[in-house]
Amino acid sequence: ESAISIDNGIMQMLSLAGTKIAVFFNEDQNSEKFRPLNLEKTKIYSASHSKKLENLTSNEIINFVSGFFNEF
């Protein structure tokens with residue numbers, strides 16, 4: 001029914017299957033081609049150049065995911 005993922009191939013397969021996904025996604029010059037394909041059911045935490053995913057705190061992750069299941 002739903003999943004939490006990072007920007008990888010598994011996320012793309014879940015997206016194609018119509019799964020509701022919360023994605024942690026690094027933004028860079030090549031990232032657009034790797035965005036999830038099913039944006040209607042996807043919530044994206046888009047990390048910018050100033051804040052990479054590896055620098056997220058546990059509270060930032062919890063806050064992002066906490067409302068995920070109620071949004072769709």
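How many bridges join S1 to S2? Hold that thought for the second view; what follows is a set of close-ups of a predicted model.

**View 1. The whole chain, from end to end.** Here are three helices and three strands. Reading from the N terminus, the elements go β-α-β-β-α-α. The chain has 72 residues, and 38% of them count as buried. About 4,700 Å² of the chain is exposed, with carbon and sulfur atoms supplying 53% of that area. If you look at contacts with a separation of 6 or more, 30% come from residues 24 or more positions apart.

**View 2. Three strands make an open sheet.** The order is S1-S2-S3, and the pairing is parallel. S1 and S3 (42–47) are the edge strands, each with a single partner, so one side of each has no neighbour in the sheet. From one strand to the next, the twist averages 10°. Back to the opening question: five bridges join S1 to S2, and these two run parallel. Between S2 and S3 there are six bridges, again in the parallel sense.

**View 3. Who stands opposite whom in the sheet.** Start with S2, where lysine 20 has serine 2 opposite. Isoleucine 21, also in S2, has alanine 3 opposite. Over at S3, serine 46 faces phenylalanine 25 across the pairing.

**View 4. Strand S2, covered on both sides.** Seven of the seven residues of S2 are buried. Lys20, Ala22, Phe24 and Asn26 point one way, while Ile21, Val23 and Phe25 point the other way, and all are buried. Now compare the strand S1 beside it in the sheet order. S1 has a covered face made of Ala3 and Ser5, and an uncovered face made of Ser2, Ile4 and Ile6.

**View 5. Helix H1 and its two sides.** Which residues of helix H1 (residues 9–16) are buried? They are Met11, Gln12 and Ser15. These residues cover an arc of only 100° around the axis, which puts them on the same side of H1. As a bit of background, an α-helix has 3.6 residues a turn, so residues three or four places apart point the same way. Flip to the other side of H1 and you find Ile10 and Met13, which are exposed. The cover over the buried residues of H1 includes strand S1 (2–6) and strand S2 (20–26).

**View 6. The two ends of H1.** At the N-terminal end, asparagine 8 acts as a cap. One of its side-chain oxygens lies 3.1 Å from the backbone nitrogen of isoleucine 10. Just after H1 comes glycine 18, with a positive phi of about 85°.

**View 7. Helices packed on the sheet.** Back to the pairing of S2 and S3, with its six bridges in the parallel sense. H1 packs on the sheet, where it touches S1 and S2. The direction of H1 makes about 150° with that of S2. Helix H2 (residues 58–66) packs on the sheet too, touching S1, S2 and S3. For H2, the angle with the direction of S2 is about 145°.

**View 8. Leucine 56, a buried loop residue.** Where does leucine 56 sit? Its place is in the loop between S3 and H2. Is leucine 56 buried or exposed? Leucine 56 counts as buried because its relative accessibility is 12%, and the cut-off for buried is under 20%. Leaving aside residues up to four places away in sequence, leucine 56 touches Phe24, Tyr45, Lys51 and Ile61. One of these, Phe24, is among the buried residues of S2.

Key:
Residues numbered from 1 in each chain as written. Predicted model: local features only at pLDDT ≥ 70, side-chain atom pairs only at ≥ 80, totals over all residues. Heavy atoms only, no water. Buried < 20%, exposed > 50% of the residue type's maximum accessible area, 1.4 Å probe, protein only. Helix = DSSP H or I, 4+ residues; strand = E, 2+ residues; numbered from the N terminus. Arc of directions from axis to C-beta. Contact = heavy atoms within 4.5 Å. Polar contact = N/O pair within 3.5 Å; in protein donor to acceptor, adjacent residues only side chain to side chain. Pairing = 2+ DSSP bridges. Axes fitted to C-alpha atoms, helices over the stretch in contact; angles between N-to-C directions. Areas by Shrake-Rupley, 256 points an atom, 1.4 Å probe, with all protein chains shown as cover.
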